Amino acid sequence: MPKPQKTLFDDQRDEALQRHAPLAARMRPRSLEEFVGQEQIVGEGRLLRRAIASDTLFSVILWGPPGSGKTTLARIVAETTNAHFELLSAVSAGVADLRRVVKEAQDRLGMFKQRTVLFIDEIHRFNKAQQDAVLPYVEDGTVILIGATTENPSFEVNSALLSRARVFVLEAHTDEQIGVLVDRALHDDDRGLASYHAMLAADARSFLLNMANGDARTALNALEAAVLAKPPALGDKRLITVDDIRDALQSRATRYDKNGELHYDAISALHKCVRDSDPDAALYWLGRMGDGGEDPMYVARRVVRMAVEDIGLADPQALPLTLAAQQAVHFLGQPEGDLALAQAVVYLAQAPKSNAVYKAYGDALRDVAETRNDPVPMHLRNAPTRLMKGLGYGKGYKYAHDYEDAQVDQEHFPPNLAGRRYYDPGNRGFEASIRERLAWRDERKPSATPAPPSLT
């Protein structure tokens, strides 16, 4: 069934919206030929491009950063498909809206054999009940779902719904691709800024592309603001300078979400930079998190974790220093407390590394969980009463201070784990001294045959 014809009022409304819409909306590509970037999913011969061109679309989730073209792709589908196109925003739509769309889709399919493409913008904002409401109709083909999200769908989209759609990952635009869109907007007579006779200085263009941070919407809307605010000069020309772009942008388009995937990716990068002894990159990722509005106490907690996991006893001062940094953040707040975190991160990055205690405790916990919990050996038990002494509690215990260097040869494990070794200090930092101190332990003969490895 062909699409319903627009009325005069529809045309007038669309014309008014187009005339007053922001530049990014006016310049939205209307076909795959105009679409810039994302060659990995809509390049010639790619599956999604073939599906759109042949009108054989299937349910998809478009995942990518802001301004990468998710909504644009959905609009292109709306213009090319013979299916009815329905748009919902997860910000304002509810279960009642979904039920209405589904009912209309069922009627449309039954009466006219026409399919319905349902585009849900910001689908990650739908809760579980809302996502469950659309699930059966995606599964039986009543609607073809296009979901757009800036959040990792692995975490934000129900696994059942995710398994019924293909996920396509969009990447942030390169500076070159943003440049194509900016130049197109400057010279477009119909939808762009050509009538303003604007010229973008070379350094201003480079600044705009860099500060847009891969976000096409940010670049185009900043360009429009700069052009409209610039009074015409000689010859009705408007020369847009770096200062004009800076004034229009105010700040870089920040790609960071303190509750989303970048939150976890950034802290992972920071931790790995510390572990790999790279203080410069560690400071960069710390700065990225701070600039994105990350909770400084969260960062402080993770920095303390780095001290005990990756430095350990190779540098015993790492833990108290990170705890001091946490207290400084709590006491000073921001931005003063940020320097304490920076100092802690640099200290940890340059400190000798050891995960010996981390591994040793993990091995000990594994034995606790996976071996028989034998009683505490009699010689290690306390004997506060005469009865307990009579039963042999504490009998044969060797008091370490009665021996040379306070080192005593006696078994401290239960019999099933006799001779077990967990902690193997490294050769770096303070742990080298610990290894020397514990050399006597490795020379002694165990009082029983070591227990077999733990069952896994």
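Where does Ala 21 lie in relation to helix H1 (8-20) and H2? In this predicted model, Ala 21 is found in the loop that links helix H1 (8-20) to H2. Whether this loop residue is buried or exposed can be read from its relative accessibility. Because that value is 16%, Ala 21 counts as buried, the cut-off for burial being under 20%. Leaving aside residues up to four places away in sequence, Ala 21 touches Arg 26 and Glu 224. A look towards the other end of the numbering gives a sense of scale: Gly 426 is 405 residues from Ala 21 along the chain, and 64 Å separates the C-alpha atoms of the two.

The overall dimensions help to place this loop in context. The chain has a radius of gyration of 32 Å, whereas a compact globule of 456 residues would have one near 23 Å. Along the principal axes, the C-alpha atoms fill a box of roughly 105 × 65 × 40 Å. The secondary structure consists of 22 helices and 7 strands. Among contacts between residues at least 6 apart in sequence, 72% join residues at least 24 apart.

Turning to the surface, the chain exposes about 25300 Å², and carbon and sulfur atoms supply 54% of this area. Buried residues account for 42% of the 456 residues. As for charge, there are 56 positive and 63 negative charges, and their mean positions are 5 Å apart.

The interior is described next. In soluble globular proteins, nonpolar side chains tend to be buried together. In the present model, the largest nonpolar core has 30 residues, and the members that touch the most others are Leu 23, Val 182, Leu 200, Leu 208, Leu 223, Ile 240 and Ile 245. Two or more residues of this core are given by each of helix H2 (23-26), helix H10 (175-187), strand S6 (198-200), helix H11 (202-212), helix H12 (216-229) and helix H13 (242-249). The largest share, 7 residues, comes from H12.

Val 182 offers a handy view of how this core is put together. With residues up to four places away in sequence not counted, Val 182 touches Leu 200, Leu 208, Leu 209, Ala 219, Leu 220 and Leu 223. Two of these partners, Leu 208 and Leu 209, carry numbers within the range of helix H11 (202-212). A second core of 26 residues is separate from the one just described, and includes Ala 266, Val 274, Leu 286 and Ala 344.

How values were computed. Residues are numbered from 1 along each chain as its sequence is written. This is a predicted model: local features need pLDDT of at least 70, side-chain atom pairs count only at pLDDT 80 or more; totals for chains, interfaces and linings use all residues. Side-chain values use heavy atoms; hydrogens and water are left out. Helices (H or I, at least four residues) and strands (E, at least two) are DSSP runs, numbered from the N terminus. The radius of gyration is taken over C-alpha atoms; the globule rule is 2.2 Å times the number of residues to the power 0.38. Buried means under 20% relative accessible area, exposed over 50%, partly exposed in between (1.4 Å probe, protein chains only). Contact means heavy atoms within 4.5 Å. Accessible areas come from the Shrake-Rupley method with a 1.4 Å probe; for residues, only the protein chains shown count as cover. Lys and Arg count as positive and Asp and Glu as negative; His and the chain ends are not counted. The place of a charge is taken as NZ of Lys, CZ of Arg, CG of Asp or CD of Glu. A nonpolar core is a set of buried Ala, Val, Leu, Ile, Met, Phe, Trp, Tyr and Cys residues joined through side-chain atoms within 4.5 Å.
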